[in-house]
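Subject: Structure handover

Hello,

Here is the structure you asked for, with my notes below it. Please read the notes with the coordinates open.

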Amino acid sequence: MSIVTSDSYLKSLLHGQSQLSMSPLERLNQLRANAVDRVSALRIPTKNDEEWRFTDISPLTKISFQPVRMASPLQSSSVEHFYLAETVTRLVFIDGVYAPNLSTQLSETSKDSNVVVSNLLAATSENLAAIEPHLGRHTDFQDNVFAALNTAFLHEGALIIVPRNVSVEMPVHLLFIATQKEVASHPRCLLIAEPSSTVTVLEDYVTLQEETYITNTVTEIVLADNATVNHVRIQRDSKQSFHMANCSVSLARASRYHSVSITLGARISRYNLNVQLKDEGAECAADGLALISNHQLADTHTCIDHTKPHCTSRQLHKCIIDDAAHAVFNGKIMVRPGAQLTNSTQSNRNLLLTSKARIDTKPQLEIFANDVKCAHGATVGQLDNEEIFYLRSRGLSEVTARNLLTYAFGAEIIDRIPIASLKFRLEQTVLEQTQKN
Amino acid sequence: MIYQDSKVLLEVRELCATVNGITILKGINLTVKSGEIHAIMGTNGSGKSTFAKVIAGHADYEITGGTVDFEGKNLLDLAPEERARAGIFLGFQYPIEIPGVANNQFLRLAYNTAQIQRNKDELDPLEFDDLVREKMKLLEMNPDFLDRSVNENFSGGEKKRNEILQMSLLDPRIAILDETDSGLDIDALRIVANGVNQLANKGNATILVTHYQRMLNYIVPDYVHVMESGRIVKTGGKELALDLEKHGYDWVNVEQPTTAGT
Ligand SMILES: Nc1ncnc2c1ncn2[C@@H]1O[C@H](COP(=O)(O)OP(=O)(O)O)[C@@H](O)[C@H]1O
Ligand SMILES: [Mg+2]
């Protein structure tokens, strides 16, 4: 976004920002102020911006959004169907506002090990010291208007700190529930995995109403040496909504990051995943599935940045596109000078279920080191006729065969989710969405 | 086995078929009665797999002439799944790998489709698991293959066993086994042949497609047909396979095409 103009629509989105209370963390106040400045300098991207070539977000600007005025008081009974069977640690946000009555405390055992799972606003002074080097330092908002907007509203949020050598058994569930129309929420997550720690986190965006709203998220994930983070991200927002998301991951020496991100909801969604492999031996596995229909648009931009030697990355991104839906995938793999012995694979596979379905895919390899192994590929297709014939030759109807193959295409990604109950539930979702008759 | 009173299952008359405008089958005649085992032999490219796929209903092949009756019905009118449900089974020369579809899920779907056709109860996953494990034992297959994706990364021999496993679950009237012997070592060949022999009975028929006599030592055919350039050019008893093995396919007298069966 090179042209700098003031944008009245963006100004309207800043409405209410000035009413946020001051934070005891001076850095946070400073960040917000800087972010407000950036929002005022930037504008909503258009298709003329290279990064938004295929994604027209102008429908967003036709609707005005405000931060929620009154958070809906929700009973556990109306949202507990979103809860996981496995998890005892959960932070719930309703339209962006922390809901302590629906959130759970850490179990006693994790308390002993000093694991922090809390609202950012409630961070203790000790936590603040841990946060300071990371908050707002991984997701750059200089040229990213949505990240800047989120940062301007930085206030509440999910904070997870896993101390050295601690392995958190149960997944941590971060549940963001939308309930009201024309609300803008700016969810923020910060996950700090200290050396040799292990954690699984589910970032889960859901809705109670098929309403028009915008969810604009920023997630920062920091892995110290030898840490392991499993990051599952499910976006099942309302099909009328807008979902803008930025996730930045920083990997130190020999750390391991595995993410599975599933896009099911939103009328228009954009997910930017930026992974930096910052020291030797770091490993990243990024899996993604967009399962969309009708007039949905799902845009996934990823950048996996190899800055040091001996790092590994593997990526499989799939899209199942039905009706007149439109998916965008832009996957950049960067291998910086000196990042020798990088091993990187990227695969983007797309299934178009109708002739109106559309995919724009752009794998981008930028390699500045010579001793590297990089493989990438993208396929776009319909179902395989030989596979269909094989199934039909066993008595399965053509419809059943097609449904089974479509389901299997998506199930390959769902299978990689390390949370059994969620996997089961999503398999049902994929099954329902891929079954035609 | 040849039974005097058995009825005709499959009746192929002057069958011609093309693929991408190229004529491959040029007038096939074949009659198969229940109880019989037929072998179709012939050099590579003579049209054996094409014939098998045409019978199974593959859409790439266009029928340009002739008729195929199966138990008195016009087979060519039926969709592939209708043929399968009516009792046609094709053991693929190259079984297809289907990533993401669990073998047990696929086998159960296929089995239950056949059960509906037979007016019998469908099996739930647990009941089916017991049944399929029993069947796998006969084929000396490792049950681990149930949890894997259909044929994915199976060895050649494992794929062929998986085909026979499907055949045993579907219990077809006519099984066409296309080069089921290729890629099998001698032990696997014996196991697979045993499986096929156990499934053969008075009410069904088997067509073995092969270009080696090797498997016919284990599954003894009632008729041997030689296919050449899209036609059956010679038909004989089991000794014909031995002659072919001894003299090669050139030895066949191509001038006198004969009609198969009785
Ligand atoms: N889909 C196809 N497209 C073009 N040619 C084909 C196709 N399938 C078969 N053929 C040709 O038909 C002939 C017979 O092949 P096939 O039936 O596979 O022979 P066989 O099984 O006896 O070895 C070969 O010349 C083969 O190249
Ligand atoms: Mg063949």
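B:Asp129 counts as partly exposed, at 23% relative accessibility. Keep in mind throughout that this is a predicted model. The partner of B:Asp129 is B:Arg133, and the closest N and O atoms of this salt bridge are 2.8 Å apart. B:Arg133 is partly exposed as well, with a relative accessibility of 37%. Both residues belong to helix 4 (residues 125–138) of chain B, and because they are four residues apart, about one helical turn separates them.

Other salt bridges

Over all chains, the structure holds 29 salt bridges. One of them pairs the side chains of A:Asp287 and A:Arg314, at 3.1 Å from N to O. A:Asp287 sits in strand 14 (residues 283–292) of chain A and A:Arg314 in strand 16 (residues 312–321) of chain A, so this pair ties together parts that are 27 residues apart in sequence. Are the two ends of that bridge buried or partly exposed? A:Asp287 counts as buried, at 3% relative accessibility, while A:Arg314 counts as partly exposed, at 31%.

In chain B, the side chains of B:Lys202 and B:Asp5 form a salt bridge with an N to O distance of 3.5 Å. This pair links distant parts of the chain, 197 residues apart. B:Lys202 is in the loop between helix 6 (186–199) and strand 10 (205–209) of chain B, and B:Asp5 is in the segment before strand 1 (8–19) of chain B. B:Lys202 is partly exposed, with a relative accessible area of 44%; B:Asp5 is exposed, with 60%.

B:Lys202 also appears among the residues that B:Ser34 touches. B:Ser34 lies in the loop between strand 2 (22–33) and strand 3 (37–42) of chain B, and at 7% relative accessibility it counts as buried. Leaving aside residues up to four places away in sequence, the residues touched by B:Ser34 are B:Met1, B:Tyr3, B:Ser6, B:Lys7, B:Leu9, B:Lys202, B:Gly203 and B:Asn204.

The contact between the chains

Chain A gives 17 residues to the contact and chain B gives 32 residues. The area buried between chain A and chain B is about 2,000 Å², and carbon and sulfur atoms give 67% of this area. Which three residues supply the most of what chain A buries against chain B? They are A:Phe389, A:Tyr390 and A:Arg394, with 39% of that area, more than any other three residues.

On the polar side, the count between chain A and chain B is two salt bridges. One of these joins the side chains of B:Glu81 and A:Arg392, at 2.6 Å from N to O. There are also ten residue pairs in polar contact between chain A and chain B, with both residues at pLDDT 80 or more. On the side of chain A that touches chain B, the elements giving two or more residues are helix 7 (385–392) and helix 8 (398–414) of chain A. By class, that side of chain A has eight nonpolar, four polar and five charged residues.

The magnesium ion

Which protein atoms act as donors to the magnesium ion (ligand 2)? They are OG of B:Ser49 and OE1 of B:Gln93, lying 2.0 to 2.2 Å from the ion. B:Ser49 is in helix 1 (residues 48–56) of chain B and B:Gln93 is in the loop between strand 6 (88–91) and strand 7 (98–102) of chain B, so the pair ties together parts that are 44 residues apart in sequence. B:Ser49 counts as buried at 18% relative accessibility, which is under the 20% cut-off. B:Gln93 is buried too, with a relative accessible area of 16%.

A buried asparagine in chain A

A:Asn272 is located in strand 13 (residues 268–277) of chain A and counts as buried, at 11% relative accessibility. The side chain of A:Asn272 makes a polar contact of 2.7 Å with the side chain of A:Arg270. Not counting residues up to four places away in sequence, A:Asn272 touches A:Asn144, A:Ala245, A:Asn246, A:Cys247 and A:His301.

Regards

Conventions: Residues are numbered from 1 along each chain as its sequence is written. Chains are lettered from A and ligands numbered from 1 in the order in which they are written. This is a predicted model: local features need pLDDT of at least 70, side-chain atom pairs count only at pLDDT 80 or more; totals for chains, interfaces and linings use all residues. Side-chain values use heavy atoms; hydrogens and water are left out. Contact means heavy atoms within 4.5 Å. Buried area is the accessible area (1.4 Å probe) that two parts lose on being put together, summed over both. A salt bridge is a side-chain nitrogen of Lys or Arg within 4 Å of a carboxyl oxygen of Asp or Glu. A polar contact is a pair of N or O atoms within 3.5 Å; within protein, one must be able to donate a hydrogen and the other to accept it, and residues adjacent in sequence count only if both atoms are side-chain atoms. Ala, Val, Leu, Ile, Met, Phe, Trp, Tyr, Cys and Pro count as nonpolar, Asp, Glu, Lys and Arg as charged, and the others, Gly among them, as polar. Donors are N, O and S atoms within 2.8 Å of the metal (3.2 Å for Na, K and Ca); water is not among the atoms, so sites may look incomplete. Buried means under 20% relative accessible area, exposed over 50%, partly exposed in between (1.4 Å probe, protein chains only).
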